[in-house]
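Here are my notes on this model, set out point by point. Please keep the structure open while reading.

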2 protein chains.
Amino acid sequence: MTSAVEHILEDLERSDTREGLQTAILALRDAFDVDHMVYHWVSAAGEQYGCGTYSDAWVNRYLAQDYLRIDPVVLGCFQRFHPVDWKRLDWSSKSARLFLHDALAHGLGNQGFSVPIRGPNGQFAMFTVNHRCDDATWAAFTDSHRRELILIAHYFNEKALDLEPDRTPAPSQPLSPREVEAMTLLAMGYARAQVADTMAISEHTLRAYIESARFKLGAMNTTHAVARALARGLIVVEGASRADMSTQRTARTAS
Amino acid sequence: MTSAVEHILEDLERSDTREGLQTAILALRDAFDVDHMVYHWVSAAGEQYGCGTYSDAWVNRYLAQDYLRIDPVVLGCFQRFHPVDWKRLDWSSKSARLFLHDALAHGLGNQGFSVPIRGPNGQFAMFTVNHRCDDATWAAFTDSHRRELILIAHYFNEKALDLEPDRTPAPSQPLSPREVEAMTLLAMGYARAQVADTMAISEHTLRAYIESARFKLGAMNTTHAVARALARGLIVVEGASRADMSTQRTARTAS
DNA sequence: TTCCAATCCCCCATTTATGGCGGGGTGATC
DNA sequence: GATCACCCCGCCATAAATGGGGGATTGGAA
């Protein structure tokens, strides 16, 4: 890691305001000599927080169009463990192509590299580097800076979480073993009667567990409770998705 | 990062067997001159895979005692985002103290530093460095190697996932926009009537979407479909969606 | 000791979800 | 111009989930 980047990160560590994040990301963009650098959280309710070098026009456009739900970068990172080059994402859908066209029109570069970051309780954030150049140049860049970018992503997330304590509350009492069992079976598609049979208890008892779990998770109904349990990592269902190995089509974002 | 560590990681990247992971972790332990280094990932079903330098006796003891469920390192890392020094964990419970005593008796050092790592669908792994020394020495060590350890943790995780036999590739047809919308609202806890109202369509039409999505996802019922959509990253729902909607806030970015 | 969480069981009732049947329209693609 | 995916709506019925009560025992923590 170059000393310039080191210094920026050290400044960032000493900072305790959102402006510090913004200052750091601007400095990092210049240090790496790329077009854009962005860190942001995403959520179902919309973008909660972000800092970066995208234009206001693009940020507003993104929010207004609810691009969060079709952005292949978000969707791709959400199913992946590892950092990913934008070329490896799935740009095949029509909405994705429209999104890409709009993004390029708003000054984004054709190349991108995004690092997904996760925390407890289903927290999800992304750190993205965006640039306009040819494939070979970009490949060289990501190859040589991959490690630094992973670290930087973590530093940003650490700082952002420090500045947003109410982002991590999720008091989320832990579920009891039987509750976990019940929620897991429900997430696997078993009906209540089947779950009760599998757990060798009466359906009424099972109901008590489901209601208890629903209460602990602050959920409105069973589906909501299962969704939250999944999102918070309280239950693990269905074989690990090896999204990174999947054969997804690649886009031609290169010049 | 020292060149010795660089070389070990490069060797690791070229490796494609579990033995490669073990070789790398042994080499890293020697390179950092610590007592133990361990990478393992855990799941609801128990420890699935791990490699490291703990003695067989301790590993077997750990598994036999089901220490996974009381190990303060696991429990602490599971609720944290950041790497953590073992001293900062909660060792107050009786079971935790028993665990610690047993661990020390099996040759573990008194100092530890663990990096939690997360992936989609609640996947969780940890990379741990363990050593026997005094507090000041350990603080100096973690201070100077923190960044490297984070990176190493990610490299191990990446490699370990590559070596995992991928079960259920989940070809998963994509959902239509309206189907995504419906599943998302259901995952947020809205009942069918509310979803239909929100989407401004009749409840019967909504039913058609849900059934269509259920078919595409191969799900038995709505809860199952939502669980699968979540697990496959087809919908993006944050853990606490409803509460967040009131405090929706977006940072302004400048370029 | 007292208290509380976790584990089990049963009744009543209503609301909600699902299964099955039918009918439209658009727009893109072949 | 045929086909298909997507979008929209109606009715009927039954199966399932939920809301509201009422209990029990165990073991651990305060």
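1. Start at A:S176. A polar atom of its side chain sits 2.3 Å from a phosphate oxygen of DNA strand C. The model is predicted, and the distance is computed from it.

2. Two further polar contacts reach the phosphates of DNA strand C. The side chain of A:T205 places a polar atom 3.0 Å from a phosphate oxygen. For B:R214, an N or O atom of the side chain is 2.3 Å from a phosphate oxygen of the strand. Helix 7 (177-187) and helix 9 of chain A, together with helix 9 of chain B, are the elements that give two or more residues to the surface near DNA strand C.

3. What surrounds DNA strand C? There are 17 residues around the strand, and the closest are A:S176, B:R192, B:R207, B:R214 and B:T222. Of the strand's atoms that come within 4 Å of the protein, sugar and phosphate make up 62%. By class, the surface near DNA strand C holds four nonpolar, seven polar and six charged residues.

4. Now DNA strand D. The strand has 15 residues around it; A:R192, A:R214, B:S176, B:H204 and B:Y209 come nearest. Sugar or phosphate supplies 58% of the strand's atoms within 4 Å of the protein, and bases supply the rest. The residues of this surface split into four nonpolar, six polar and five charged.

5. Which part of DNA strand D does the side chain of A:R207 approach? A base nitrogen: a polar side-chain atom of A:R207 lies 2.7 Å from one. Backbone atoms take part at the phosphates. A backbone N or O atom of A:R192 is 3.0 Å from a phosphate oxygen, and a polar backbone atom of B:S202 is 2.5 Å from a phosphate oxygen of the strand. The elements giving two or more residues to the surface near DNA strand D are helix 9 (203-217) of chain A, plus helix 7 (177-187) and helix 9 (203-217) of chain B. Helix 9 of chain B gives the most, with four residues.

6. Away from the DNA contacts, look at helix 2 (residues 18-32) of chain A. Its 15 residues should span 21 Å at 1.5 Å a residue, and the end C-alpha atoms are 21 Å apart, so the two values agree. Next comes A:D33, which has a positive phi near 55 degrees.

7. The buried residues of helix 2 of chain A are A:G20, A:L21, A:Q22, A:A24, A:I25, A:L28, A:R29 and A:F32. They pack against several elements of chain A, including helix 1 (3-14), strand 1 (36-41) and helix 6 (135-163). In an α-helix, residues three or four places apart point the same way, because there are 3.6 residues a turn.

Notes:
Residues are numbered from 1 along each chain as its sequence is written. Chains are lettered from A and ligands numbered from 1 in the order in which they are written. This is a predicted model: local features need pLDDT of at least 70, side-chain atom pairs count only at pLDDT 80 or more; totals for chains, interfaces and linings use all residues. Side-chain values use heavy atoms; hydrogens and water are left out. A residue is near a molecule or strand if one of its heavy atoms lies within 4 Å of it. A polar contact is a pair of N or O atoms within 3.5 Å; within protein, one must be able to donate a hydrogen and the other to accept it, and residues adjacent in sequence count only if both atoms are side-chain atoms. Ala, Val, Leu, Ile, Met, Phe, Trp, Tyr, Cys and Pro count as nonpolar, Asp, Glu, Lys and Arg as charged, and the others, Gly among them, as polar. The expected span of a helix is 1.5 Å times one less than its number of residues. Buried means under 20% relative accessible area, exposed over 50%, partly exposed in between (1.4 Å probe, protein chains only). Contact means heavy atoms within 4.5 Å.
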